[in-house]
Structure formats: structure tokens, C-alpha cells
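Trainee: I would like to learn how to read pockets, buried residues and helix packing in a model such as this one. Could we take them in turn?

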Amino acid sequence: MAFENPSRDDIKKLLSNTKVIAVVGLSDNRERISYMVSEAMKKKGYTIVPVNPKATEILDETCYSSLSDIPFPVDLVNVFRRSEYTAEIAEEAVKIGAKALWLQLGVFNQEAADIATEGGLAVVMDRCIKVEDSILLPQGK
């Protein structure tokens, strides 16, 4: 079945119930969109967990090589990787017990959506989490 994003009400509920966001592909380069979006989400009060095997710390947070290396629960996995890499990330998100998989604007993969959905995760694709949060929760959580 073709993927369809959740309703705006469901996305609002998802964001309202999210505290810890693991960001796969978070760059340590301040000029990259992943950095800017994650920095804004951190300022909004979310706990950001960088996932990047090439860095040790991003946004003053410990960086992990993979989702499986994170030693505490994660609510949402936000992905800044190309679409062809997302199925593997979806599998890992299911394994760690995340509640949601969010593929950033421009990232879409039906297989990743199917894996995550079958694993019980909410899925949002091809949307910017910062934009959605700003529209749906402008005053904060």
C-alpha cells in the first residue's frame, strides 16, 4: 500500500509526546541543514542525540556511531540520510524500540516506511520536523 503521512493532528500528538530525538546523519558543520534543524529543536526543549560515526560531540551532546549504541530510550529517530540508506535505519529504529521514524524533507522510502510501520512505529516522510514543530507547536510543547 502506498505510504501516506499521518494527519496534522497525529503529527502534533507525536511531537507533543516526543522528548528524545536521535538524529541520524547529524553533521557537525554549522552550515548544514541537519545541524540547523537539530539546533532549533534543541532550543525548543527536545533532547537531541547525534548519530554520526565520524564525530564525538555535536551540539554539546555525545555523538553515537549508530542507533544501537545509544544507551537510553529514544522516542523518535530523525533521518538526514539519502533515501536508499533508510531501510537499514528503519530496521535499527525498530530494534531499539523507538516510537517513530521521521525522514526529513526530500527523503522518501516505501520499504523503510513498511519496516517501521510493521515494527509498530509511527512514520513521517518527506517533511521537515522543524517546520512541522513550528506550525503545530509554536509556543512549545
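Mentor: Let us begin with a pocket, bearing in mind that this is a predicted model. About 180 Å³ of space lies in the second largest pocket, and its lining is made up of 12 residues, with Phe3, Glu4, Ala113, Thr117 and Val123 lying nearest the centre.

Trainee: Which element gives the largest share of the lining of the second largest pocket, and what is the make-up of that lining by class?

Mentor: Helix α4 gives the largest share, with four residues, while α4 and β7 (122-124) each supply at least two. By class, the lining of this second largest pocket holds eight nonpolar, two polar and two charged residues.

Trainee: What is the volume of the largest pocket, and which residues are the closest to its centre?

Mentor: The largest pocket has a volume of about 280 Å³, and among the 15 residues lining it, Val24, Pro53, Ser65, Arg81 and Ile89 are the closest to the centre. The lining of the largest pocket divides into seven nonpolar, four polar and four charged residues, and its largest share, three residues, comes from α3.

Trainee: Which residues of helix α3 are buried, and what do they pack against?

Mentor: Within α3, which spans residues 86-95, the buried residues are Thr86, Ala87, Ile89, Ala90, Glu92 and Ala93. The buried residues of this helix pack against the strands β1 (20-24), β5 (76-79) and β6 (100-103), and also against helix α4 (110-118). Just after α3, the backbone at Gly97 takes a positive phi of about 80°.

Trainee: Turning to a single residue, is Ser38 buried or exposed?

Mentor: A residue counts as buried under 20% relative accessible area. Ser38 has a relative accessible area of 1%, so it is buried. This serine is found in helix α2 (residues 33-43), and, leaving aside residues up to four places away in sequence, Ser38 touches Val23, Leu26, Ile48, Leu59 and Phe80.

Trainee: At what angle do helices α1 and α5 pack, and which residues make the contact?

Mentor: Helix α1 (residues 8-16) and helix α5 (residues 129-136) pack at about 100°, with their axes 10 Å apart. Angles of 65 to 115 degrees count as roughly perpendicular, and α1 and α5 are therefore roughly perpendicular to each other. From α1, the contact is made by Arg8, Ile11, Lys12 and Leu15, and from α5 by Ile129, Glu132, Asp133, Ile135 and Leu136. The residues of this contact of α1 with α5 divide into five nonpolar, no polar and four charged.

How values were computed:
Residues numbered from 1 in each chain as written. Predicted model: local features only at pLDDT ≥ 70, side-chain atom pairs only at ≥ 80, totals over all residues. Heavy atoms only, no water. Buried < 20%, exposed > 50% of the residue type's maximum accessible area, 1.4 Å probe, protein only. Contact = heavy atoms within 4.5 Å. 1 Å grid on protein atoms, 1.4 Å probe; cavity = no way out; pocket = protein on both sides within 12 Å on 5 of 7 lines; lining within 4 Å. Points joined across faces, edges and corners; volume = space filled by probe spheres on them. Nonpolar A, V, L, I, M, F, W, Y, C, P; charged D, E, K, R; others polar. Axes fitted to C-alpha atoms, helices over the stretch in contact; angles between N-to-C directions. Parallel < 35°, antiparallel > 145°, perpendicular 65-115°, else oblique.
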